[in-house]
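Colleague: I would like to learn how to read a model like this one. Could we take it feature by feature?

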Amino acid sequence: MRRAVCPGSFDPVTNGHLDIIGRASRLFDEVIVGVLINHSKTGLFAIEERIDMLRQASATYGNVRVESFHGLLVDFCRAQGAAVVIKGLRAVSDFDYELQMAQMNIGLSGVETLFMPTNPLYSFLSSSLVKDVVKWGGDASSYVPDFVGERLVTRLRQN
Ligand code: PNS
């Protein structure tokens, strides 16, 4: 069984994430989406909410599972029996930090990282930008699934 992990914060999931998850699901027997529990950073959505949204958004892929993790990504990969991490690269600016992490991770445990070029439609997209657009009344409907957009509006425009 060839398994890959797609890790991230997913606060919330965007169409850019889903593009990478969907393409990875066609290359591997099973894809495990790993949602990082980061106690030092408060997100807009709780981990359970992020997982709910990811599960709903990836429900059409039969071989995608969504789990949370804390601590080292390589330990999560080992626990899941995954030898590969998949990362999307949006632009050259992503590369420096991603390369550092990939090299650290292979040094720590031998887990390989494969980089996938993001669909150019989403090369500028990030969860942070989407939150900002929605917060100030913009239309983010091209960048997140509809139900995620609705949850963003509810959460960000409460006041
Ligand atoms: O969506 P993000 O916030 O860019 O995802 C970053 C993530 C979760 C992939 C990265 O922070 C991570 O792997 N964290 C786990 C902790 C870890 O393993 N750190 C050492 C990396 S070399």
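Modeller: Start with the residues of the shell around the ligand, sorted by character: six are nonpolar, three are polar and none is charged. Keep in mind that this is a predicted model.

Colleague: Which residues surround the ligand?

Modeller: A residue is counted here if its C-beta atom, placed from the backbone, lies within 6 Å of the ligand. The shell consists of Pro-7, Gly-8, Ser-9, Leu-36, Leu-72, Leu-73, Met-101, Met-104 and Asn-105.

Colleague: Which elements give two or more residues to that shell?

Modeller: Strand 1 and helix 4 (92–109) do. Helix 4 has the largest share, with three residues.

Colleague: Now the sheet. What is the order of its strands?

Modeller: Read the order across the sheet, not along the chain. The five strands lie as 3-2-1-4-5 in an open sheet, and their pairing is parallel.

Colleague: Why is one side of strand 3 and of strand 5 left without a neighbour in the sheet?

Modeller: Strand 3 (64–69) and strand 5 (112–117) are at the edges, so each has a single partner strand. From one strand to the next, the twist averages 30°.

Colleague: How many bridges join strand 2 and strand 3?

Modeller: Six, with strand 2 covering residues 30–36 and the pair running in the parallel sense. Leu-36 has Phe-69 of strand 3 opposite. Leu-36 is also one of the residues around the ligand.

Colleague: Which strands does helix 1 lie across?

Modeller: Helix 1 (residues 15–27) lies across strand 1 (3–8), strand 2, strand 3, strand 4 (84–89) and strand 5. Helix 1 runs at about 170° to strand 1.

Terms used. Residues are numbered from 1 along each chain as its sequence is written. This is a predicted model: local features need pLDDT of at least 70, side-chain atom pairs count only at pLDDT 80 or more; totals for chains, interfaces and linings use all residues. Two strands pair if DSSP finds at least two bridges between them. Helices (H or I, at least four residues) and strands (E, at least two) are DSSP runs, numbered from the N terminus. Axes are lines fitted to C-alpha atoms, for helices over the stretch in contact, and angles run from 0 to 180 degrees between N-to-C directions. Two residues are in contact if their C-beta atoms, placed from the backbone, lie within 7 Å. Ala, Val, Leu, Ile, Met, Phe, Trp, Tyr, Cys and Pro count as nonpolar, Asp, Glu, Lys and Arg as charged, and the others, Gly among them, as polar.
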